[in-house]
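Q: Could you take a close look at how the two protein chains sit against each other and against the DNA? I would like one connected account that I can follow on screen.

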2 protein chains.
Amino acid sequence: MAWNLDSDRPIYTQIVEKLQMQIVSGFYKPGEKLPSVRELACAACVNPNTMQKAFTELERSELILTQRTSGRFVTEDIDMIKQVQTTLAEEQIKIFMDKMRGLGFNREEIVTLLELLIKGDSK
Amino acid sequence: MAWNLDSDRPIYTQIVEKLQMQIVSGFYKPGEKLPSVRELACAACVNPNTMQKAFTELERSELILTQRTSGRFVTEDIDMIKQVQTTLAEEQIKIFMDKMRGLGFNREEIVTLLELLIKGDSK
DNA sequence: CCATCTGTATTATGTGCTTAATACAATAAT
DNA sequence: ATTATTGTATTAAGCACATAATACAGATGG
């Protein structure tokens, strides 16, 4: 598992986003037990406190449920998961379009660029 | 001028990116004199030290030139400006594609989503 | 000449993030 | 029953970022 944490933004924020992505993409399945705070902290090479803080944040989205002494579990509400996926995707699209427009491209140019990229290479 | 600075990342970093965008998008023309540190700090509602730090960073890209006592100027090298624009666009595309793929979409789905968005509404 | 504007530097203060080192309570596992 | 594992809480330290309040040197403009 590559965590790819950079130092530009708070680590705990990046972890929240990473875990969200892993849930909505199906890396962690609905109902699945997540690794413990200490385990994940070790895997991501961060302090347990930092991982704990990430979980506390993530919990507010209700994508995960906490059972005080047995661990944390992914929600079984697949509709909610799908909805979060859609919301996050829309956010990313908006961020991307705003950035590209800020760089001086219009909507058509952006799509054209992406189409070229898709059809052109295989990366 | 809306600066839209958030508290999630260092302000000076966001300002560097904003100024880069304003230069490559043509908001600031080649050779144009930029507002002073104090002026821009005031406009962006940040401390002059923070704006100064942003400029120091931005200077390393050579998009701007400093004249010790008269101010800062956008480079007149339009090829370099164009090249920076391309580089920044490629970075944004990569970031976007990685995020979307992390959310569980494949390349074709991403382009389809964007095409729908372009043709669908006018936002 | 003199006041003003330029970039730049310095010192101090506060805040949030991160790490480290513990500790505790409740449950699960043996 | 005892041990291990779970989430959680606390305290201390270090660091980067941001603000505030100044100060200085070298042009520029009147």
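A: Here is a walk through the contact between the chains, the helix packing behind it and the surfaces near the DNA.

This is a predicted model, in which local features need pLDDT of at least 70 and side-chain atom pairs count only at pLDDT 80 or more, while totals for chains, interfaces and linings use all residues. Residues are numbered from 1 along each chain as its sequence is written, and chains are lettered from A and ligands numbered from 1 in the order in which they are written.

Let's start with the symmetry. Two copies of a chain are related by a rotation about an axis and a shift along it. Here, chain A lands on chain B after a rotation of 180° with 0.0 Å of shift along the axis, at an RMSD of 0.1 Å (a least-squares superposition on the C-alpha atoms of residues with pLDDT of at least 70 in both copies). This is the relation of a two-fold axis. If you want to find the axis from chain A, go to Arg9(A): its C-alpha is the nearest one in that chain, 2.6 Å away.

Now for the contact itself. Chain A and chain B each bring 27 residues to it, where two residues are in contact if their C-beta atoms, placed from the backbone, lie within 7 Å. On the side of chain A that touches chain B, α1, α4 and α5 (107-120) each supply at least two residues; helices here are DSSP runs of H or I with at least four residues, strands are runs of E with at least two, and both are numbered from the N terminus. The most comes from α4(A), with 9 residues. By class, this side of chain A has 14 nonpolar, 7 polar and 6 charged residues, counting Ala, Val, Leu, Ile, Met, Phe, Trp, Tyr, Cys and Pro as nonpolar, Asp, Glu, Lys and Arg as charged, and the others, Gly among them, as polar. Of the interface residues of chain A, 100% are also interface residues in chain B, so the copies meet through the same surface.

Within this contact, look at the α4 pair. The axes of α4(A) and α4(B), residues 78-102 in chain B, are 10 Å apart at an angle of about 175°; axes are lines fitted to C-alpha atoms, for helices over the stretch in contact, and angles run from 0 to 180 degrees between N-to-C directions. That makes the two helices roughly antiparallel (roughly parallel is under 35 degrees, roughly antiparallel over 145, roughly perpendicular 65 to 115, and the rest oblique). Ala89, Gln92, Phe96, Lys99 and Met100 of α4(A) and of α4(B) make the contact, which divides into 6 nonpolar, 2 polar and 2 charged residues.

Inside chain A, α4(A) also packs on α1(A) (residues 11-24), at about 125° and with the axes 9 Å apart. These two helices are therefore oblique to each other. Gln20(A), Ile23(A) and Val24(A) of α1(A) meet Ile81(A), Val84(A), Gln85(A) and Leu88(A) of α4(A), a contact of 5 nonpolar, 2 polar and no charged residues.

A further helix pair in chain A is α2(A) with α3(A), whose axes come within 8 Å and cross at roughly 115°. That makes α2(A) roughly perpendicular to α3(A). Val37(A), Arg38(A), Leu40(A), Ala41(A) and Ala44(A) in α2(A) face Pro48(A), Thr50(A), Met51(A), Gln52(A) and Phe55(A) in α3(A) as contact partners.

Finally, the DNA. There are 21 residues around strand C, and Ile11(A), Asn47(A), Thr50(A), Thr69(A) and Ser36(B) come nearest; a residue is near a strand if its C-beta atom, placed from the backbone, lies within 6 Å of it. The largest share of that surface, 3 residues, comes from α3(B), and its classes are 6 nonpolar, 12 polar and 3 charged. Around DNA strand D there are 22 residues, with Ser36(A), Pro10(B), Ile11(B), Asn47(B) and Thr50(B) coming nearest. For strand D, α3(A) gives the largest share, 4 residues, and the surface has 7 nonpolar, 12 polar and 3 charged residues.
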